[in-house]
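These are my notebook entries on a predicted model. I set down what I looked up, entry by entry.

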Amino acid sequence: MVRTLSALALLALSTSALAQTDAPPAAAATPAPTPMLDTAAINAPLPADQAAMKAHVLFLASDAMKGREAGSPEFDIAAQYVAAQFYAAGLRPAGDKGGYLQTVPLVTYKAAAKGDMVWTARRGSPQPLVFGEDFVPSANPAAATTNVSAPVVFVGRGIVAPQYAIDDYKGVDVRGKIVAIFAGAPETFGGEERAYFSSPATKAWIAAQHGAIGIVTLDTPRAGPRARPFSALAQYYDSPRMTWANPDGTGTSPAPSAPYLGTISQAGAEKLFAGAKTPWTTIAAQAAGDNPTYRPVALDGTLTASTRTAFTPGASSNVIGVIPGADPVLGKEVVILSAHLDHIGVSPERPGQPAGADRINNGALDNAIGIASLIEEAKKFTASGTPPKRTVMFLAVTGEEKGLVGSDFFANHPTVPLKDIVADVNLDMPVLLYKFEDMIVFGADRSTLGPIVKAAVNAQGVDLSPDPMPEQGFFVRSDHFNFVKKGIPSVFLWPGMKGEGRAKFEDFLSHRYHRPGDDLTQPILWDQGVRFVATNYAIARQIADAPARPMWNKGDYFGTTYKGAMAK
Ligand SMILES: [Zn+2]
């Protein structure tokens, strides 16, 4: 499970996330791996189906895998393991060149210079903005050099959401201009859509659609316990990020025609708003209040921005196998079952940490157990003796923790025709630390996958519950969302939170999620793992054998937004 998209893209705001990303390859400082068979994890024997699942997690979440970070050699070993297991499960290879692996070219990019920004008021002389005081530059994943000079229009949070009657671009023409926006989305938005509209990628996409040629983010004046000073942003301006690489070595961007240029401080914003119809003090007061709404403001001058971005190439792999569909017509359609194989690697040493402290983020629940489930589901299909009507693809992706990178690469370079992909069912971080009484299926209310999944789950004697934490926006935070963006109905499955579930889940999020403690010292209930696999198998089987392919519900926001995306 990736941290929120907005948090990822505004990585510089989070020192803890930064600490991970900033880590040099500290091989020498890494404690020696614990011998796998020496741990208390291997105590009593288990029934064969539980032992099979646990065995995958023992290997993938072992210290030897060093947290399976995308681009690391240990991830590559984990990928070979999954490929071998796919072979053993009877899957046919569906990666590159007749193999199970699909190479994913990666690129790490970061700001290569402090950049320049100059504000020229309509009746004034050029006024250089000061790095660290007035602005910090953004890295541009799509270009080594970015030079933009254009008038600036303030467009609130840069959101167009008809379902909430919000159009921050209403009445202004931003073609050929730079837009200045605030981060975030209104608190009145539903959780999934709030996360979606808070995402810098969504905002860039909207800006590009309106013809803007650059974006600057304005520092939000709202002070609070979590507010960080602008100077903290400046300190980390060149922190690296990762995406997949284009053939020319640059990175992919959600909107290459409207790059992020930088973040402007409140002091900088005051300069830009000088002479504007609405003064900065008014905007700042609105932003500091509750539920602000904004009207667009054309600023009275031109911003000239120059930034530089450095690129370091890398590589990783998705692992892909299929069971060919048996039906002469439906067999060419593909149901994808996905899970991410990567995790966040080894944390850097922290000041004051005792020597030899465990810094390996094993990612047992996030998401070795999802991969183990995928492998065991594949075995269930072959063991059933009846091939599915549609083709079922098992997709283990890389780079989820870097911002859904491997699934985005696959969605843009599918190894089967995109139009034949009818659904994605995603498994990410099932917390199997309690006997689950229900299941949560994110996205169930958005497409005909909902009733299909409900029937399959109920047949297993399990209830379907609504999203218990809509404010978290989980639906837009894992790999299936890249299929949603291609117009493909998708769902994301979790054990439910009834009974003791909620407390166990929240305890995991607070104490073990994205920490070294997400390892095999947790009391994972393998019998619940087997139940989870059985339920997921029933769901996949139902989708694969259903007479009709899944459809978005009429009027669903994501279904409507990305309708026809496949044709592009
Ligand atoms: Zn995660």
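Entry one, a helix pair. I looked up how α10 and α15 are oriented, and I recorded them as oblique to each other. The angle at which helix α10 (residues 364-383) and helix α15 (residues 526-545) pack is about 55°, a value that falls outside the 65 to 115 degrees counted as roughly perpendicular. Their axes are 9 Å apart, and I noted the crossing of α10 and α15 as right-handed. On the α10 side, I listed Ile369, Ser373, Glu376, Glu377 and Lys380 as making the contact. The α15 side contributes Gly529, Phe532, Val533, Asn536, Tyr537 and Ala540. By class, I entered 5 nonpolar, 3 polar and 3 charged residues for this contact.

Entry two, a glycine. I located Gly115 in the loop between β2 (101-111) and β3 (116-121). Is Gly115 buried or exposed? I recorded Gly115 as buried, because 22 other C-beta atoms lie within 10 Å and 20 or more suffice for that class. Leaving aside residues up to four places away in sequence, I found that Gly115 touches Phe131, Pro137, Gly262, Ser306, Thr307 and Arg308. I also checked Ala298, 183 residues from Gly115 along the chain; the C-alpha atoms of the two are separated by 24 Å.

Entry three, the domains. I noted the division of the protein chain into domain 1 (48-99 + 324-349 + 357-567) and domain 2 (109-310). Their C-alpha centres lie 34 Å apart. For the contact, I entered 15 residues from domain 1 and 11 residues from domain 2. Helix α11 (residues 405-412) supplies the largest share of the domain 1 side, 3 residues. That side has 7 nonpolar, 4 polar and 4 charged residues.

Note on methods. Residues are numbered from 1 along each chain as its sequence is written. This is a predicted model: local features need pLDDT of at least 70, side-chain atom pairs count only at pLDDT 80 or more; totals for chains, interfaces and linings use all residues. Axes are lines fitted to C-alpha atoms, for helices over the stretch in contact, and angles run from 0 to 180 degrees between N-to-C directions. Helices (H or I, at least four residues) and strands (E, at least two) are DSSP runs, numbered from the N terminus. Angles under 35 degrees count as roughly parallel, over 145 as roughly antiparallel, 65 to 115 as roughly perpendicular and the rest as oblique. A crossing is left-handed if the near helix is turned anticlockwise from the far one by less than a right angle, and right-handed if clockwise. Two residues are in contact if their C-beta atoms, placed from the backbone, lie within 7 Å. Ala, Val, Leu, Ile, Met, Phe, Trp, Tyr, Cys and Pro count as nonpolar, Asp, Glu, Lys and Arg as charged, and the others, Gly among them, as polar. A residue is buried if 20 or more other C-beta atoms lie within 10 Å of its own, exposed if 12 or fewer, and partly exposed in between; C-beta atoms are placed from the backbone. Domain bounds come from an automatic or database domain assignment.
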